[in-house]
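Reader: I would like a close look at a single part of this model. Please take the sheet and what packs on it.

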Amino acid sequence: MANILVIDDEEDIRLILKEILELEGHSITTSENGKNINNNDLPNYDLVITDIFMPDQDGMQIIMDVKRLVPDMNIIAISGGAFFGVDNTLKTAQLLGARYTINKPFDIDDVVKKVNTLVSTS
């Protein structure tokens, strides 16, 4: 179905998203941070799911970089909020170009629904 890039510094989150989305028929590539992404590969993805707070490169920068390189890329931002509060963080992610935002801990059904909505419209 869709080719999806999942970026999160938490291995458990990457594995859960990979497993669930592969069961939905999607092809999943994972990365523990945005620095490991080959920018030339970005146009090959239908969707990027990124965490916001990560040690090497935060998700806000990833969203800006992806939107600069592939302006019509669908992005889902996920966050537990850290010290800024999840609402403000996710609102900022939307302003930067994330189509959907998801709070951690997240509901798997909600993630699947949002992913399938985005990839069916692209």
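Author: Here is the sheet, followed by its helices, its cores and one loop.

This is a predicted model, where local features need pLDDT of at least 70, side-chain atom pairs count only at pLDDT 80 or more, and totals for chains, interfaces and linings use all residues. Residues are numbered from 1 along each chain as its sequence is written, and side-chain values use heavy atoms, with hydrogens and water left out.

Start with the sheet. Five strands form an open sheet, and the pairing is parallel. The order is S2-S1-S3-S4-S5. Strands (E, at least two residues) and helices (H or I, at least four) are DSSP runs, numbered from the N terminus. Two strands pair if DSSP finds at least two bridges between them. S2 (27-31) and S5 are the edge strands, each pairing on one side only. From one strand to the next, the twist averages 20°.

Now the S5 edge. Four bridges join S4 (residues 74-79) to S5. Ser-79 stands opposite Asn-103 in S5.

Two helices come next. Helix H1 (residues 11-23) packs on the sheet. H1 touches S1 (3-7), S2, S3 (47-51) and S4. Contact means heavy atoms within 4.5 Å. The direction of H1 makes about 175° with that of S2. Such angles run from 0 to 180 degrees between N-to-C directions; axes are lines fitted to C-alpha atoms, for helices over the stretch in contact. H4 lies across S1, S3, S4 and S5, running at about 170° to S5.

Take one residue of the S2 edge. Thr-30 lies in S2. Thr-30 is partly exposed, because its relative accessible area is 36%, and buried means under 20%, exposed over 50%, partly exposed in between (1.4 Å probe, protein chains only). Not counting residues up to four places away in sequence, Thr-30 touches Val-6, Arg-14 and Lys-18. The C-alpha atoms of Thr-30 and Glu-11 are separated by 9.4 Å.

On to the cores. A nonpolar core is a set of buried Ala, Val, Leu, Ile, Met, Phe, Trp, Tyr and Cys residues joined through side-chain atoms within 4.5 Å. The largest has 19 residues, and Leu-42 and Val-48 have the most contacts inside it. H2 (59-69) gives the most to this core, with four residues. Beyond four places in sequence, the contacts of Val-48 include Leu-5, Leu-42, Val-66 and Ile-76. A second, separate core of 18 residues includes Val-6, Ile-28, Phe-106 and Leu-118.

Last, the loop. Pro-105 is found between S5 (100-103) and H4 (108-120). The peptide bond from Lys-104 to Pro-105 is cis, with omega near -10°.
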